[in-house]
Amino acid sequence: ACGGGEDTAPRSAAQGGIRLGFSQVGAESAWRLANTASIEHAATNASVQLDLRVADGKQDNQIAAIREFIAAKVDVIAFSPVVESGWDKVLQEAKDAGIPVIVTDRTVDTTDTSLFATVLGSDFTAEGRKAGEWLVEHFRDHKGPVQIVEIEGTTGSAPANQRRTGFADAIKADTDLKVIDSRDGNFTRAGGEQVMSGFLQEHSDIDVLFAHNDDAGLGAVKAIEAVGKRPGEDIKIITVDASRDGLSALAEGRLNYVIECNPLLGPQLMELVGKVKTGQSIPRRVVVDETTFDREAAKAVLPNRQY
Ligand code: AHR
């Protein structure tokens, strides 16, 4: 249901009347806005009563929201954890209150997997690996070192940790490919622009940028143009998400390759919420299908892109 970025997962009547508390990370990126809209829309379609709290990128806000959901005795709690660690205590409180928890989008790092019912989201390691594999292929006939900079996502977040690992793993195949610098751009345009400006001041010889999401990559494009270089030409750029703006920049040749990360998780989330509430068995992990885009593929999908 998700490979083409379409919001088409089947609906079921089973969710009607369920009270769902959902704690969202924030509003840092186009991806996040599309994710929130997908969840709101799917809740309405499924007649789920959604209590949505947006945490402004702060774990404390998310913990406070989850505690409020517990106090309000919602039927199900779902959340997208801003960072991986530090959730055990509040998840134990939800468990003690008998409220099932669904982790969505980003994963949590906990030794007690009984603290949540399932994890719905992307395989971030695979996304990073796809970025690295494209690079290895692109520079196959190149001689000499290739200098790479990396604009990472929010420090401690699952997508930052796992995309970095997947990418590093894939580029090991070619010892000429070297990450010379790497910094946190917080998944935002402003962050990406600022980090890239710093990289450009410190390194005269950057060949490649791997940005952990489109927004950071598009901020970096601005910084590259500001110093009179051509993004996509002088510096090859790979990003993740495949938002409309990311794919437009790819179609124009400012980006070179984009890995899809699908935010349209709402329908699948409502399906899982309905099943958890009625005690049906669900898989421990639900991974979203995703693809990759080069320039031609971006041009082909852009007219119908939903996010
Ligand atoms: O967790 C998914 C990531 O979070 C997306 O790749 C990024 O754009 C968002 O902010």
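Reader: What makes Arg53 and Asp51 a salt bridge?

Author: Their side chains meet at 2.9 Å, N to O, and a salt bridge is a side-chain nitrogen of Lys or Arg within 4 Å of a carboxyl oxygen of Asp or Glu. So 2.9 Å qualifies. This is a predicted model, where local features need pLDDT of at least 70, side-chain atom pairs count only at pLDDT 80 or more, and totals for chains, interfaces and linings use all residues. Residues are numbered from 1 along each chain as its sequence is written, and side-chain values use heavy atoms, leaving out hydrogens and water.

Reader: Why is Asp181 called buried, or Arg183 partly exposed?

Author: Buried means under 20% relative accessible area, exposed over 50%, and partly exposed in between (1.4 Å probe, protein chains only). Asp181 has 16%, so Asp181 counts as buried; Arg183 has 29%, so Arg183 is partly exposed. These two also form a salt bridge, with the closest N and O atoms 3.0 Å apart.

Reader: And what makes Glu296 exposed?

Author: Its relative accessibility is 53%, so Glu296 counts as exposed. Its salt-bridge partner is Lys299, at 3.7 Å between the closest N and O atoms.

Reader: How do you know that the span of H7 agrees with what a helix should give?

Author: Helices here are DSSP runs (H or I, at least four residues), numbered from the N terminus. The expected span is 1.5 Å times one less than the number of residues. For the 13 residues of H7 (residues 214-226) that gives 18 Å, and the end C-alpha atoms are 18 Å apart, so the two agree.

Notes: Helix = DSSP H or I, 4+ residues; strand = E, 2+ residues; numbered from the N terminus.
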